[in-house]
Number of protein chains: 2
Amino acid sequence: MVVYAGQGDPQRTMALLWRASTADPGRTTRGPKPALTVDAIVAAAIAVADESGLDGWSMRAVGERLGRTAMSLYTYVPTKRELIDLMYDQAHANLATPVAPSSGWRAEIECWAHDLLACYLRHPWLLQVSHARPVLGPHEQAVLESILRILDRTGLPARAIVSSLFSLVRGSAQSITETRSAATTTGTSDQEWWTLRGDLMRQLVPDFAERFPYSARLAKEPAPGNWEDQAGNAFTDGLAILLDGVESAASPT
Amino acid sequence: MVVYAGQGDPQRTMALLWRASTADPGRTTRGPKPALTVDAIVAAAIAVADESGLDGWSMRAVGERLGRTAMSLYTYVPTKRELIDLMYDQAHANLATPVAPSSGWRAEIECWAHDLLACYLRHPWLLQVSHARPVLGPHEQAVLESILRILDRTGLPARAIVSSLFSLVRGSAQSITETRSAATTTGTSDQEWWTLRGDLMRQLVPDFAERFPYSARLAKEPAPGNWEDQAGNAFTDGLAILLDGVESAASPT
DNA sequence: TGAAACTCCTTACGGCATAAGGTATTGTGT
DNA sequence: ACACAATACCTTATGCCGTAAGGAGTTTCA
């Protein structure tokens, strides 16, 4: 359900994450050829997580997908924790980095945010990986770099903006995957599911409207599209609000 | 016995969450007096989570704190999953709801956001509770209600604003607890920790500055205060930006 | 031709959620 | 007064989990 970080040796994790940059110096050629690679293991691990979430994920499950035992993975990766760090970074690899050449920084930020959102929706388990300590790998670093590059031209203070953007994207992704899994795990359409939930509430909490008048009114308000669209709209609208705020800082009245 | 696959039975969870509202009808008085209450169990469970995080948390640990076995808890609560839902809602109970009477909606929102942030910092495990489906209990509902009440007077569209505020607060809380635990788990001060991390990076990725020029420049920029203050500042500043955006929607130029 | 270095395996341990079923305790119906 | 129903709590057991320990087979170097 929840992956929490124990310690883990940062040096070892970092070395694995950035291993492409440096030739492995300690590698001797003795012994049988490795049948697997770290990359293959990470790919298999991501596939398992994509299919069954982090709940169904385990070292045994990853090994099985590769036709190996769980223990054989420990030849390549020190612990589960490090493997998850590698998965986390690798999942940020193909983020399109589209860079609509010079359509203005606002459009570029929107594009960046939507790409990142799409990444989280492709790999919902990313949102469950707890960062007890921030471990930046090359791919996540590249995501950060690309938004910093966009912001650089605006001359705006980057820290708060970047942090807010990440929060907004992650939060929205969480909302969207929540509504998705609410629908799939119960096997009902989201419409049905929410109707059922509403009936249950009316039965359990008949005085809901008196206790929570504003919530009740909001629930009654018609909203366009299905529930997942609504969560998506909340993202688009929220991003617009945030960028309005950024613009008002960019061009002081 | 019918066991719902994977997730908990929403009906049972909701009944537990909102149980104060309805008199339990099925309760007969036969058998030994219960020595525990659901409230006591939830309180103990929260205490365990506050002390040791969700990874050190288990039904056994909660039972032990109450002088019982893990299995005795199952008399009161159907599964671990439901207990965590109850903990989650209960943790939102004492949010001050300060309501500075009429200091203007912007100040009120800021107050609300800071209270919620404080709640997340008091109970960092809240951020790790995976919302496979959104389960609103009375206390979390009250938090939602209070921000809706504030926004109601402004006449602004609530959905996107509320969603953005929650994202920003949760994301910031995560950043702050990350830097905190980075310091505590390694036993070094945050200053030392980041220096060490920097040294490691320079050694493993000597061409960092060429590959990630904007990130490198940002890292070099002086920033006030320690790292936790910085994360806190990112929250305050991000909130200001977001509220600027809200204001620009409130008063169209 | 060893010996070293390496991959991968089996086995085992302690911890987890929780199913199954036993026992003691309390009330109800007679 | 007494059987019995209903309940709280316990012990035990099952099948997961991460991973420590150590063994067997494979490849290369001295």
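How do the residues of the surface near DNA strand D divide into nonpolar, polar and charged? Keep that in mind while going through the close-ups of this predicted model; the tally comes in View 2.

**View 1. Chains A and B, superposed by a rotation.** Turn chain A by 180°, with 0.0 Å of shift along the axis, and it lands on chain B with an RMSD of 0.1 Å. That is how a two-fold axis relates its copies. Both copies use the same surface, too: 93% of the contact residues of chain A turn up again in chain B.

**View 2. The protein surface around DNA strand D.** There are 24 residues around this strand, and the ones that come nearest are Arg60(A), Tyr74(A), Thr28(B), Pro32(B) and Tyr76(B). On the DNA side, 71% of the strand D atoms within 4 Å of the protein belong to sugar and phosphate. As for the opening question, the surface near DNA strand D has nine nonpolar, nine polar and six charged residues.

**View 3. Chain A at the phosphates of DNA strand D.** Tyr74(A) uses its side chain here, with an N or O atom 2.7 Å from a phosphate oxygen of strand D. Met59(A) brings its backbone instead: one of its N or O atoms there sits 3.2 Å from a phosphate oxygen of the strand.

**View 4. Chain B at the phosphates of DNA strand D.** Here a polar backbone atom of Ala35(B) lies 3.1 Å from a phosphate oxygen of DNA strand D. Zooming out to whole elements, α3 (59–65) of chain A and α4 (70–73) of chain B are the ones that give two or more residues to the surface near this strand.

Notes: Residues numbered from 1 in each chain as written. Chains lettered and ligands numbered in written order. Predicted model: local features only at pLDDT ≥ 70, side-chain atom pairs only at ≥ 80, totals over all residues. Heavy atoms only, no water. Least-squares fit on C-alpha atoms with pLDDT ≥ 70 in both. Contact = heavy atoms within 4.5 Å. Near = heavy atom within 4 Å. Polar contact = N/O pair within 3.5 Å; in protein donor to acceptor, adjacent residues only side chain to side chain. Helix = DSSP H or I, 4+ residues; strand = E, 2+ residues; numbered from the N terminus. Nonpolar A, V, L, I, M, F, W, Y, C, P; charged D, E, K, R; others polar.
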